[in-house]
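User: Hey, got a minute to walk through a model with me? I'll put it up here.

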Amino acid sequence: MRVEVRMRGRRAPRWFAFGAIAFGALFLTVGLVLAGLTVSFLADARHAQGTVVDLEWRGDHSGTSGRRRGNDAPVAYPVVEFTPADGTHRTFEGSTGSNPPAYERGERVEVLYRADSPGDARIDGFASLWLLPLVFGGIGLVIGGVGTVAAVVTRRRSGAAPPKRVVPAPAAPRR
């Protein structure tokens with residue numbers, strides 16, 4: 001006769017592992033989609049020379065608490081002017097900002113833009129092209145990896161023979 005006893009809370013590590021793997025897979029998927037969009041943009045992109053004409057300083061204090069933290073310094077986004085093949089002057093704001101600024105007013109930069117939509121332009125730089133895919137993909141890999149390790153450890157622990165509970169057999173009748 002076999003008696004099984006389940007302990008409360010034993011399934012919690014499995015739920016944690018499943019949740020971490022799912023969350024990691026979601027972030028990794030977003031990172032891969034963003035990387036695919038960047039590759040697609042680069043495949044059709046035209047090159048032009050541009051000039052940083054201004055720095056747009058923004059303080060992003062729109063957090064959920066609404067409180068200002070000590071390290072909430074304003075961030076500078078480059079405003080770039082360039083002339084695509086159609087000859088019209090275009091201006092766009094860079095997608096990544098930094099403090100201290102990564103660019104200076106008057107600095108020449110390489111611009112990538114879509115020929116069919118010159119308004120869709122980016123600075124030809126690592127951060128403006130690959131930062132978001134790497135952040136999302138990296139977070140996805142780390143969290144998914146933690147979930148996978150937790151799943152393997154939980155599986156190995158549950159694979160070990162649980163301690164058996166000894167239940168005395170009924171006494172045999174005496175003759």
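User: Which residues are linked in a network of salt bridges?

Analyst: Asp 44, Arg 114 and Asp 120 are. A salt bridge here is a side-chain nitrogen of Lys or Arg within 4 Å of a carboxyl oxygen of Asp or Glu. Before we go on: this is a predicted model, where local features need pLDDT of at least 70, side-chain atom pairs count only at pLDDT 80 or more, and totals for chains, interfaces and linings use all residues. Residues are numbered from 1 along each chain as its sequence is written, and side-chain values use heavy atoms, with hydrogens and water left out.

User: Got it. How far apart are the closest N and O atoms of Asp 44 and Arg 114?

Analyst: They are 3.7 Å apart. That pair links distant parts of the chain, with Asp 44 in helix α1 (residues 12-44) and Arg 114 in strand β4, 70 residues apart. Helices (H or I, at least four residues) and strands (E, at least two) are DSSP runs, numbered from the N terminus. Arg 114 also meets Asp 120, side chain to side chain, at 2.9 Å from N to O.

User: Asp 44 and Asp 120, buried or exposed?

Analyst: Asp 44 is partly exposed, with a relative accessible area of 47%, and Asp 120 is partly exposed at 27%. The cut-offs are under 20% relative accessible area for buried, over 50% for exposed, and partly exposed in between (1.4 Å probe, protein chains only).

User: How many salt bridges are there in the whole structure?

Analyst: The search finds 5. One of them pairs Arg 105 with Asp 54, the closest N and O atoms being 3.0 Å apart. Arg 105 sits in the loop between β3 (90-93) and β4, and Asp 54 in strand β1, so the bridge ties together parts 51 residues apart in sequence. Arg 105 counts as exposed at 52% relative accessibility, while Asp 54 is partly exposed at 29%.

User: Switching to the fold. What pattern does the chain follow?

Analyst: Along the sequence it reads α-β-β-β-β-β-α, which comes to 2 helices and 5 strands.

User: And which strands pair up with β1?

Analyst: β1 pairs with β4 in the antiparallel sense over 7 bridges, and with β2, also antiparallel, over 8 bridges. Strands count as paired if DSSP finds at least two bridges between them. On the β4 side, Ala 45 stands opposite Arg 114 and Arg 46 opposite Tyr 113. On the β2 side, the bridge partner of Arg 58 is Val 75.

User: What joins β4 to β5?

Analyst: A hairpin, through 2 residues. Those two strands pair in the antiparallel sense over 4 bridges, with Leu 112 opposite Arg 122 in β5.

User: Why would you call β4 largely enclosed?

Analyst: Because 5 of its 7 residues are buried, β4 is largely enclosed by the rest of the structure.

User: What about the largest nonpolar core, which members touch the most others?

Analyst: Of its 13 residues, that would be Val 80, Phe 82, Phe 92, Val 109 and Val 111. A nonpolar core means a set of buried Ala, Val, Leu, Ile, Met, Phe, Trp, Tyr and Cys residues joined through side-chain atoms within 4.5 Å. β1 (45-58), β2 (75-82), β4 (108-114) and β5 (117-123) each give two or more residues to this core.

User: What does Val 109 touch?

Analyst: Leaving out residues up to four places away in sequence, Val 109 touches Ala 48, Gln 49, Gly 50, Val 52, Val 80, Tyr 103 and Ile 123. Contact means heavy atoms within 4.5 Å.

User: Now the outside. Which residues make the nonpolar surface patch?

Analyst: Phe 16, Val 142 and Val 146 make it, at about 290 Å². Patches use residues with over 30% relative accessible area and no salt bridge, with like charges joined within 9 Å and nonpolar side chains (Val, Leu, Ile, Met, Phe, Trp, Tyr) within 5 Å. Areas come from the Shrake-Rupley method with a 1.4 Å probe; for residues, only the protein chains shown count as cover. Val 142 lies in helix α2 (residues 126-159) and is exposed, with a relative accessible area of 56%.

User: Last one: how much of the chain is buried?

Analyst: Buried residues make up 24% of the 175 residues. The accessible surface comes to about 12,900 Å², of which 59% belongs to carbon and sulfur atoms.
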